[in-house]
Amino acid sequence: MNKEPLLHIEDLSIHARANDSELVSHLSLDLNPGECLAIVGESGSGKSLTSLAVMGLLPNGVERVGGRIQLEERDLTQISDKEWLGIRGSRIGMIFQEPMTALNPSIRVGEQVAEGLRLHSGLTKEQAKNRVIELFAKVNIPEPESSYKKYPHEMSGGQRQRVVIAMAISCDPILLIADEPTTALDVTVQAEVLDLLHDLQRERVMGMIFITHDLGVVRKVADRVLVLYKGKTVEHGTVQEVLDHPRERYTQGLLASRPPTEGRPYRLATVQNFLEGTAPPTHPKKSLEKSHPNVLLEIRGLHKFFGSKARFFSSTEPFEALRGIDLLINQGETVGLVGESGCGKSTLGRCIVRLLEPEKGSILYNKRDITHLQGEDLRKLRREIQIIFQDPFSSLNPRVRMGDAIAEPMLIHGIARNRSEAMERVIQLLDRVGLPEEAARKYPHSFSGGQRQRVGIARALSLQPRLVICDESVSALDVSVQAQVLNLLNDLKEEFGFTYLFISHDLNVVRYMSDDILVMQRGRILEQGPSDKVYSDPQDPYTKQLIDAIPNV
């Protein structure tokens, strides 16, 4: 490695203009060529702001108030907007967290990558196209030539992320910034993307800043780790030093927040436990008594198709998303449902709450066939079966106050006689999910992702349901917030006797939460059984593949 660092950040401070609050405080770091530095911490710790400062892309309302950012021997804090055009994309590449928002939905993906190539490399249209096809092959996008012509919605999440990677490396940057590039991906796709980034970085001797809140991912890609908390550096060292021998309580809390691979404590430790010096109860979770099970939900031979035979003058075969699903869920049980994106997990959940209509099979709730309920009967059913959605951002109306979002279902279903009575119950529910009374008067944008997810839980609880479907309800959350929400779900289950169908692609989380696990692939259930047994002794090769792909700290 060169003696001079590729990237040198010295005493960087970033403030919010509105109240002059400090978002990043006196941060300093060096990055060498061919080295990967992981920056970890919770949402709001300053990870992404640091990377955006390096790119010269700080958002409105935020400004750098001090410090120096030097790429090779060039001070990036002193260059003009015109000079930045020659650096972004050419010398510094960036992979954003959500590929669907990083790509223009109305432009073919190949053309989007080619645009940057033509801008920075002066290639002709044909030369740029050929280079993009080569890049698509390099990042393992299937059928590169035909993929060039696809729109983003025609590709899977993993394929879209590979397009964004191809775009980031297209002009051979010397520095690559990857901002949470695998957060929304399945464990198997995540493993493939991590291997790809590691190989590209080593092959091209790029420096890489890898931003994440998942410490399991860090061990796979990074050489060194920088831990941030509220904009300040908490700990900095090699991967082995920080992950194997963390010195600071905050780092210890991040590591302990992950669901354990062995044993199932009643509560997960949280970062707050470590910062306050308190400890969660260590006794194990109770196992469900199944000697006299009371079946709450039974599904028999369920099939669901998508697509039609005539679309835009072309013939397309219907896609079978569910292929003869059978399952039983007992009262008070938590059943985990795992599998990759596209396997049918969410489709099954939506069929149960009757947001989707199955083509074949039956759904029996409390021994009553609800497969074809309509009108008033369906409305009454939805009081008893609730769903907590994956994305706490899009599942709440940005124009509706949090209190009104929770009160509305109670007024519709007659649980509260009037708005005053509904708001009294809203305050109780907010307190139960750990939010203050004033949260009822605020809009969604005022809250973090974890707080919004708590509102989603409160909204589901407002109807006093018996069956709650958690559809990837913690996958978008930091590990510390995830631990808090999982503890809350377990507390509520014990207090109200809820039954959960817990849908996720994270087997560690599912094993911790669930009594039984069902493994899905391509619309079929491949394996099912007690969670510890499925996790420790998988019978199907696909289940073993999912477990092997989990990044371990």
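Guide: Two strands are said to pair if DSSP finds at least two bridges between them. Keep that in mind for this predicted model.

Visitor: What makes β9 and β10 a pair?

Guide: Strand β9 (residues 224–229) and strand β10 (residues 232–238) share six bridges, in the antiparallel sense. The cut-off is at least two, so they pair. Within that ladder, Leu-226 stands opposite His-236 of β10.

Visitor: And why do β3 and β9 count as paired?

Guide: Strand β3 (residues 36–40) and β9 have four bridges, this time in the parallel sense. Again at least two are needed, so the pairing holds. Here Leu-226 of β9 is the bridge partner of Ile-39.

Visitor: Which residue takes a positive phi in the hairpin of β9 and β10?

Guide: That's Lys-230, with phi near 50 degrees; the hairpin has two residues between the strands.

Visitor: Why is β9 called mostly covered?

Guide: Buried means under 20% relative accessible area, and five of the six residues in β9 are buried, so "mostly covered" fits.

Visitor: Over to the helices. What makes up the contact of α4 with α5?

Guide: The axes of α4 (residues 109–121) and α5 (residues 125–138) come within 9 Å and cross at roughly 115 degrees, and the crossing is right-handed. Among the residues making the contact are Val-113 and Leu-117 of α4, along with Ala-128, Val-132 and Phe-136 of α5.

Visitor: How do the residues of that contact divide into nonpolar, polar and charged, and what makes one of them polar?

Guide: They split into eight nonpolar, one polar and three charged. Gly-110 of α4 is in the contact, and Gly counts as polar, so Gly-110 is the polar one.

Key. Residues numbered from 1 in each chain as written. Predicted model: local features only at pLDDT ≥ 70, side-chain atom pairs only at ≥ 80, totals over all residues. Heavy atoms only, no water. Buried < 20%, exposed > 50% of the residue type's maximum accessible area, 1.4 Å probe, protein only. Axes fitted to C-alpha atoms, helices over the stretch in contact; angles between N-to-C directions. Left-handed = near helix turned anticlockwise from the far one by under 90°. Contact = heavy atoms within 4.5 Å.
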